[in-house]
Every structure is written in C-alpha cells, then in structure tokens.
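Trainee: I should like a close look at a single part of this model, with the terms defined as they arise. Please take one chain and then show how it meets its partner.

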Amino acid sequence: MADLIRFRGDETHEEPAVTLDAFLEQTNATAVRLEPTDDPRALIPYLARLSLIEVSFPKFRDGRGFSIGSILREAGYSGELRAAGDILVDQINALRRCGFDAILSDHGVDREVLAKLSSLYDAVYQKTVDGRQPVWARRHG
Amino acid sequence: MYRYDDYDQSIVDARVEEFRDQTRRRLAGELSEDQFKPLRLMNGLYLQLHAYMLRVAIPYGTLSARQMHMLAHIARTYDKDYGHFTTRQNLQYNWIKLADAPDILALLATVQMHAIQTSGNCIRNISSDQYAGAAADEVEDPRPWAELLRQWSTFHPEFIFLPRKFKIAVIASEEDRSAVKLHDIGLQIHRNAAGEAGFRVFVGGGMGRTPMVAPVIRDFLPKAQLISYLEACLRVYNRFGRRDNLYKARIKILVHELGAEEYRRQVEEEFLHTSTLGLDAPAEEFARIAAGFAPPAFESGLSEEIDRSDPEFAAWLDRQVAAHKAPGYAIVNISLKPTDGIPGDASSAQIDLMADLAEAYSFDELRITHAQNVVLPHVRKSDLYAVWQKLDAAGLATPNLDLVGDIIACPGLDYCSLANARSIPLAQKIAGRFASLDRQRDLGELKIKISGCINACGHHHAGHIGILGVDKKGEENYQLSFGGSGAEDASLAKIIGPGFSEDGVVDAIDKAVGVYTQLRTHGERFLDTYRRVGEAPFKEAIYG
C-alpha cells in the first residue's frame with residue numbers, strides 16, 4: 001500500500017518517471033527515477049528542466065539514496081525530490097535533512113507518529129541541504 | 001571536561017523521548033521485531049543470548065566522577081550489579097529489560113551521557129588516547145577534535161545507513177595507544193615541516209574476518225577542514241562501499257578493492273566539492289569546545305619524591321604508573337584484570353570507588369582504555385600511595401599492565417549471540433597459568449587478545465599472541481596467532497598452525513613463551529623476538 005506524503009505546496013507531477021538511461025537518451029522527459037547505483041551527477045546539466053526526481057530505496061537499510069538526495073540539492077535542483085520504496089517513518093526526518101520533500105513509502109505511514117517525530121529535534125549538529133542552522137551557527141549567531 | 005550546553009542536552013533528551021516512543025510501539029505490537037531492530041540498534045540495544053545488552057557510549061573514553069557513579073547506579077538498579085568495559089571505551093550492561101531501557105537512557109541523559117550510535121551501520125563512538133591531556137608526548141589534546149566529531153556524527157542524516165559500522169579514533173602522539181591504523185578512519189595530529197599541526201588520515205583499517213592495516217590517505221590535512229574532508233571520505237564510502245555481502249561491506253574492502261591511490265583520488269575529487277559547502281564549524285566554535293578541555297589547575301612546586309619502602313606498592317608503581325606532562329603528577333592505570341576475574345568487568349562498588357578516587361585525587365576525571373582498563377589521568381605523586389591502598393583494598397591493584405595477565409577478551413559465548421566459542425574462561429585459564437607476577441614481570445610486555453568469533457571484538461589480529469575461538473564440528477576450538485600489534489608498529493598476527501582445545505591452547509602459549517625466554521636478547525619483548533627469529537622455532541616447540 002504505497003503512501004505518498006509531500007512536504008511541498010505545488011501540484012503532484014503526473015508524468016511517469018523514466019530511468020536514467022532512458023532520460024539521457026531522450027532528454028525531453030521531466031521526471032526521472034534513480035536507482036541507488038546511478039550517478040546523480042549525470043543529471044546536473046538538466047536539473048533546471050526536471051520537475052520530479054524519484055530516488056529508489058529498495059531496502060530501508062540501503063542508505064545510498066541519502067547521498068544521492070544531498071548531491072542533487074547541492075547541485076541546485078529545486079524540483080520535487082521523492083524518496084520511494086521501503087521507507088520507515090523513523091527515517092523521514094533524515095530524508096528531509098538530505099533534501100527529500102516527498103516520500104512514497106511502501107508501508108502506511110502513521111501520521112501521528114510522523115508529526116511527533118518531526119517536531120522532536122529542535123537542534124541539529126550538521127549543516128546540510130535543508131538549510132537549517134546547525135547548532136554551531138546558532139551558538140555563535 | 002566538556003560540558004553540554006542547552007543544545008547538546010536537548011538533542012540527547014529528544015533521543016530519549018524518541019526511543020521511549022519506539023519502545024512503546026514495539027511493546028504494543030505496532031512494530032515488529034524486524035522493524036524495531038534497526039531502531040534499537042541505532043541506540044546500542046542488542047538482543048543477546050539471555051537478555052538485552054545495552055552499550056553506553058563513553059565518548060573518547062573520558063568521564064567524570066558523577067557520570068561514573070551513574071554507571072554504578074544503573075548496574076545496581078537495572079543489571080546484576082556489574083558492568084563490562086569494552087575495547088571501544090564503552091560500557092555494556094548484559095542483563096537489561098526492554099521496558100527499562102528508556103528509563104536507563106533518561107538517567108544517563110541527566111549526567112550528559114547516552115547510547116546514541118553505539119551500534120548500527122553508522123558512525124560509532126569516537127575513541128581516543130586514554131592519556132590525552134596528560135601524556136608527555138602529545139602535540140596537543142586530541143579530545144576537542146573527538147568532541148567536534150561526536151557532534152558532527154550524531155544523527156548525521158546522510159551517514160546513518162552506511163554499508164556497515166564505522167569507527168573513528170583520534171590521537172595526537174607518535175606512540176599509538178588507540179590502534180588508529182586498525183580503525184575505519186584513524187586520525188593522528190602531527191606537525192608538518194613548517195611546524196603546523198594537522199591531521200594524518202588513515203582510512204580502511206580494521207579487524208573482523210579480513211583484517212587490514214590502514215594506508216595513509218592524506219598525510220597532512222589542515223585542521224579547519226576536518227569535517228568537510230571526512231564528509232568526502234564517508235560519501236565515497238556510502239555510495240560505493242559494497243552492500244551485496246555483509247562481510248565485504250566495511251570501508252577497508254572498498255579501499256582495498258579500489259586501491260588506496262584510486263580511493264584517495266575519489267575522495268580528493270569529492271573534497272573539492274564538499275570544501276565549498278561551508279560544512280566546517282568556525283574557529284570560534286572549535287575554541288568553545290577546546291575550552292571545555294582546558295588543563296586542570298595543576299599545582300606547581302610539588303614533590304617528585306615517592307616513598308618506595310613498601311615493596312608491593314613499589315611493584316604496582318613500576319607497572320601501573322606512567323609519566324605525566326605536569327611536574328609532580330602521574331598517570332595511574334587501574335587494572336580490571338585480576339587473575340581470576342573477567343577482563344573488563346567491574347562491580348558497582350568498584351565503579352563507585354574509582355569515581356570517588358577520581359573526585360578526590362584526579363581532578364574529577366577518569367578514562368577508559370581500549371585494553372579494558374581504567375585510568376586516573378592526573379594524580380599527584382604524593383597521593384599515589386593513598387590511591388594504591390584504596391585500590392588494593394577493592395581488588396583493583398593488580399600490577400599487570402601490558403603483561404600476560406592483562407588480557408583483552410570479548411564477552412564470547414557466555415553472552416554474545418554471534419560467538420562460536422567462550423573467551424572469558426580461556427582468559428582466566430591463561431591468567432591462572434601465568435599467575436606468578438614475578439614470572440609475568442620477567443616475561444615483560446606480552447599482549448594476549450582473545451575473540452570468541454571471527455568478528456574480532458577481542459582484537460586477536462592485533463595481539464602479540466592472538467586467539468580466535470571457532471566452532472569445529474560442535475566443539476570449541478582455538479586458533480593461535482603470533483606477531484600482531486595495535487600500536488604505532490601495527491601489524492597483523494599470523495596463524496601458527498592447527499587449532500587447539502581450551503587446555504591445549506594454554507599449553508601452546510606456555511611453550512611459545514618458553515621459546516621466547518630462550519631466544520630473547522636483552523630488552524627484547526616477545527613480539528620483537530618473534531619478528532626477529534620468525535615463526536619456525538615457535539612452530540617447532542608447539543607442534544614438533
């Protein structure tokens with residue numbers, strides 16, 4: 001039972017995502033799906049025309065997608081970045097810190113638990129692509 | 001010592017709340033054991049053979065008397081009145097009830113402690129030199145960098161589902177008391193030709209079933225770029241480390257398969273990028289952390305004299321006390337290796353006593369060593385006799401540091417669900433065979449390390465004599481290796497021949513030690529003699 005949660009205000013992108021190989025052959029697509037082994041930097045020349053990048057998480061313990069998301073945001077991608085697959089509610093905070101603003105989980109996500117977890121940590125130690133001020137900046141701000 | 005500010009405290013408190021809710025969901029059946037496992041593992045809670053085991057982080061092995069008292073209190077209240085100090089400077093409780101775990105974490109949080117990332121495929125507790133801030137040979141105190149790394153690695157969102165666990169150690173001297181070359185990343189602060197201090201970065205060391213001594217990936221890294229450089233090291237690993245085989249997932253395999261040169265090239269390329277992202281904390285933040293590690297107010301004009309008229313005290317002094325950088329002070333090593341004891345175990349009463357001694361005699365500081373002992377880092381020489389008397393009365397004054405009796409052993413099959421063989425009874429048998437302290441002193445430095453399975457938590461690859469317990473057709477069998485070292489002369493021990501029963505391995509060590517005493521030249525340690533003459537005479541004596 002796939003469950004889509006979006007943390008952005010625009011409309012859901014309807015065009016189906018194509019594989020990275022298909023996209024690179026025919027670059028007029030606006031939605032791409034990346035597997036953990038794909039190089040997200042191959043998309044850098046095309047980021048401005050993309051509306052949706054879906055990153056696959058085949059197993060919750062496969063953390064490659066966290067780096068993929070960070071790399072895409074660091075490169076300036078501003079469209080929807082969707083984590084899709086075996087995603088647990090307890091991972092959503094970290095995904096958002098790595099730039100994901102949509103979650104398509106294979107499991108039902110308990111909204112009450114999600115809301116509680118989302119507001120739990122006021123402080124974060126690292127500077128990441130989510131723009132939150134790390135505590136070292138707040139300490140000396 | 002570093003003290004938490006409100007931000008640090010809020011993060012640890014939030015984790016207690018998060019874990020309390022996760023435990024509630026598990027106990028209510030909302031989470032299956034499969035779903036709960038990665039959540040509890042991220043918090044140091046393992047399901048062992050008989051009960052849950054909780055591993056508490058002791059960052060860089062440093063703690064205060066108040067923190068130490070809390071460890072004793074938890075052992076007394078929630079466990080069987082003892083705790084086990086580990087080779088990663090942590091403390092483990094072996095008999096924890098799941099329902100109690102959130103309360104234990106809440107108690108730890110009241111003394112600025114936690115169990116965050118003491119397990120799971122993430123960056124684990126940052127370890128360091130137990131003599132930091134006291135050693136005469138250090139470039140500077142490495143612990144402010146370790147604390148910076150503790151904060152950076154805590155819930156780092158990109159690196160919480162790495163291919164495998166990840167261990168980082170930081171030292172600042174040439175003598176390596178932390179086995180940095182056997183870590184996923186080892187950091188050594190040293191000075192370059194211009195006299196500036198920076199990091200030498202070792203990547204890809206480790207033990208386990210494929211032991212490797214780490215190559216140097218960067219000889220000199222400016223200190224201000226530590227975080228952005230490590231982000232590059234970790235990102236390359238997170239993306240390209242193997243995930244197809246649990247046993248090939250550590251970074252050492254990636255570095256080995258790519259070659260150090262190619263791994264270095266990829267890291268440097270990524271570092272060109274990460275160094276532009278503003279990931280490093282500013283100098284004033286480092287200064288804030290470093291202020292927490294300012295040296296204690298050492299007194300000047302103290303006496304260097306020590307009355308050695310009590311021979312037992314003199315024997316302890318010669319073995320357990322190391323040189324301190326401040327005149328009139330000394331570093332005291334407390335052995336957790338009594339002959340008939342369990343390596344690394346301490347009772348609640350002993351933990352309390354060590355805390356009291358730290359408060360009265362060591363500026364409120366204790367250290368845990370990777371060899372499973374405890375250190376009082378700053379003791380006045382004039383107080384050594386009083387400290388010794390109190391340790392002796394509590395069974396904590398065995399003078400065997402780095403001798404045959406100072407054995408490192410993992411919990412083994414007595415506790416651990418991964419083990420193939422028991423480690424503790426074997427350690428006790430070996431210690432019993434060499435019980436004579438005169439004999440131990442005559443044999444000199446001889447580091448024996450025992451692991452109950454191939455995961456090598458007992459560091460057997462780094463033992464002058466290493467022992468690996470295996471399961472051979474349902475029987476416990478022990479493989480014997482020689483020639484390892486976890487120090488600055490790091491090397492991997494080599495298997496000498498077919499394995500032994502528990503008694504057989506004790507006999508074999510006795511024979512090997514006999515070869516050493518025959519062949520040693522003046523001042524040679526067992527390890528030196530073995531390296532000089534090679535394995536043949538040892539093999540001959542054991543199997544001939």
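Mentor: The account below treats chain A, then its contact with chain B, and ends with a sheet of chain B.

This is a predicted model, in which local features need pLDDT of at least 70 and side-chain atom pairs count only at pLDDT 80 or more, while totals for chains, interfaces and linings use all residues. Residues are numbered from 1 along each chain as its sequence is written, and chains are lettered from A and ligands numbered from 1 in the order in which they are written.

The secondary structure of chain A comprises five helices and six strands; helices (H or I, at least four residues) and strands (E, at least two) are DSSP runs, numbered from the N terminus. Along the sequence these elements follow the pattern β-β-α-β-β-α-β-α-β-α-α. The radius of gyration of chain A is 15 Å, which agrees with the value near 14 Å for a compact globule of 141 residues; the radius is taken over C-alpha atoms, and the globule rule is 2.2 Å times the number of residues to the power 0.38. Along the principal axes, the C-alpha atoms of chain A fill a box of roughly 50 × 40 × 30 Å. Of the 141 residues, 41% count as buried, a class that requires 20 or more other C-beta atoms within 10 Å of the residue's own, with C-beta atoms placed from the backbone. In chain A, 54% of the contacts with a separation of 6 or more are between residues 24 or more positions apart; a contact means that the C-beta atoms, placed from the backbone, lie within 7 Å.

The six strands of chain A form an open sheet with mixed pairing, in the order β1-β6-β5-β4-β3-β2; two strands pair if DSSP finds at least two bridges between them. Its edge strands are β1 (3–6) and β2 (18–19) of chain A, each of which pairs on one side only. β1(A) is joined by four bridges to β6 (residues 102–105) of chain A, and the two run antiparallel. Here I5(A) stands opposite I103(A) in β6(A). Helix α2 (residues 64–74) of chain A lies across β3 (31–34), β4 (52–57) and β5 (80–85) of chain A, running at about 160° to β4(A); axes are lines fitted to C-alpha atoms, for helices over the stretch in contact, and angles run from 0 to 180 degrees between N-to-C directions.

The contact between the chains takes 28 residues from chain A and 33 residues from chain B. On the chain B side, the elements that give two or more residues are α1 (6–27), α2 (33–41), α5 (143–153), α6 (226–240) and α9 (283–291) of chain B. Of these, α1(B) gives the most, with eight residues. The residues on this side of chain B divide into 14 nonpolar, nine polar and 10 charged, where Ala, Val, Leu, Ile, Met, Phe, Trp, Tyr, Cys and Pro count as nonpolar, Asp, Glu, Lys and Arg as charged, and the others, Gly among them, as polar.

Chain B has an open sheet of five strands with antiparallel pairing, in the order β3-β14-β15-β12-β11. At its edges stand β3 (62–64) and β11 (321–323) of chain B, each with a single partner strand, so one side of each has no neighbour in the sheet. Three bridges join β3(B) to β14 (residues 365–368) of chain B, and S64(B) stands opposite E365(B) in β14(B).

Methods. Two residues are in contact if their C-beta atoms, placed from the backbone, lie within 7 Å. A residue is buried if 20 or more other C-beta atoms lie within 10 Å of its own, exposed if 12 or fewer, and partly exposed in between; C-beta atoms are placed from the backbone.
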